[in-house]
Amino acid sequence: MKLNQLISTRLLYGFVLLAGLLWIWASAAPEGGTTAGGIPAPQAGFLAPDFSLTTLDGATVTLSELRGQVVLLNIWASWCPPCRAEMPAMQRVWEEYREQGLVVLAVNSTSQDTVADAQAFVAKNGLTFPIPLDMSGEVTRLYRVSSLPTSFFIGADGVIREVVIGGPMAEALLLSRVEQIIKEAR
């Protein structure tokens, strides 16, 4: 009886081990299906992915050309209530800190919005910082944005310091993050 029990136990352990190995093999990501050691989405501590977009006023803005300045990259749409709610605070923070090197890039997710609606919102709210238009959704995909608004606080070295998903961001949060990153840049 003890020999049969020992054999049964070993068979059970062998089956569990085999099942585990099969599960590991079956659940492995396909070759080329990962980020090949890269990050799955832009996050704090990593270089912000570069892009070039045309703004509402027809200028071209390239993120990498802003190195040396602190950048608040905000991805938004005019139909998004939290996006609309945080824009006045972003305008006030930009007005207060632009002379110290702050650049606000409020990238309109135009692939989910319209240029006319974005223009109307900007005019109604008196926004004066650059509004790049993400017409094809390139930046929204590049930054893996899954929720609007999403904001990236980027240091003067081009490295993301913090990512804030959702909103609206309080003016106090904006001020504290911007002040901290500007201090780091000095």
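Partly exposed means a relative accessible area between the two cut-offs, under 20% for buried and over 50% for exposed. Keep that handy for the exercises below, and remember that this is a predicted model.

**Exercise 1. Work out which exposure class Arg 92 falls in, and then find its salt-bridge partner.**

Step 1. Arg 92 has a relative accessibility of 42%, so it counts as partly exposed.

Step 2. Now look at what its side chain meets: Arg 92 and Glu 171 form a salt bridge, with N to O at 2.7 Å. This pair ties together distant parts of the chain, with Arg 92 sitting in helix α2 (residues 81–97) and Glu 171 in helix α5 (residues 171–185), 79 residues apart.

Step 3. Check the partner too. Glu 171 comes in at 28% relative accessibility, so it is partly exposed.

**Exercise 2. The structure holds 4 salt bridges. Find the residues that shared partners join into one network.**

Step 1. Start from Asp 157, whose side chain meets that of Arg 161 in a salt bridge (3.0 Å, N to O).

Step 2. Stay on Arg 161 and look for another carboxylate: Glu 184 is there, at 2.6 Å, N to O. Here again distant parts of the chain are linked, since Arg 161 belongs to strand β7 (residues 160–165) and Glu 184 to helix α5, 23 residues apart.

Step 3. Put the two bridges together, and Asp 157, Arg 161 and Glu 184 make one network through shared partners.

Step 4. How exposed is each member? Asp 157 has 41% relative accessibility and is partly exposed. Arg 161, at 29%, is partly exposed. Glu 184 is partly exposed as well, with 42%.

**Exercise 3. Describe the largest nonpolar core: how many residues it has, which of them have the most contacts inside it, and which element gives the most.**

Step 1. Count the members: this core has 47 residues.

Step 2. Find its hubs. Leu 102 and Tyr 143 have the most contacts inside the core.

Step 3. See who contributes. At least two residues each come from β3 (70–76), α2, β4 (102–108), α3 (115–125), β6 (150–154), β7 and α5. Of these, α2 gives the most, with 7 residues.

Step 4. Zoom in on Tyr 143. Set aside its neighbours within four places in sequence, and its contacts are Pro 42, Ala 48, Pro 49, Phe 51, Leu 63, Leu 73, Ile 75 and Phe 152.

Step 5. For some background, nonpolar side chains tend to be buried together in soluble globular proteins.

How values were computed: Residues are numbered from 1 along each chain as its sequence is written. This is a predicted model: local features need pLDDT of at least 70, side-chain atom pairs count only at pLDDT 80 or more; totals for chains, interfaces and linings use all residues. Side-chain values use heavy atoms; hydrogens and water are left out. Helices (H or I, at least four residues) and strands (E, at least two) are DSSP runs, numbered from the N terminus. Buried means under 20% relative accessible area, exposed over 50%, partly exposed in between (1.4 Å probe, protein chains only). A nonpolar core is a set of buried Ala, Val, Leu, Ile, Met, Phe, Trp, Tyr and Cys residues joined through side-chain atoms within 4.5 Å. Contact means heavy atoms within 4.5 Å.
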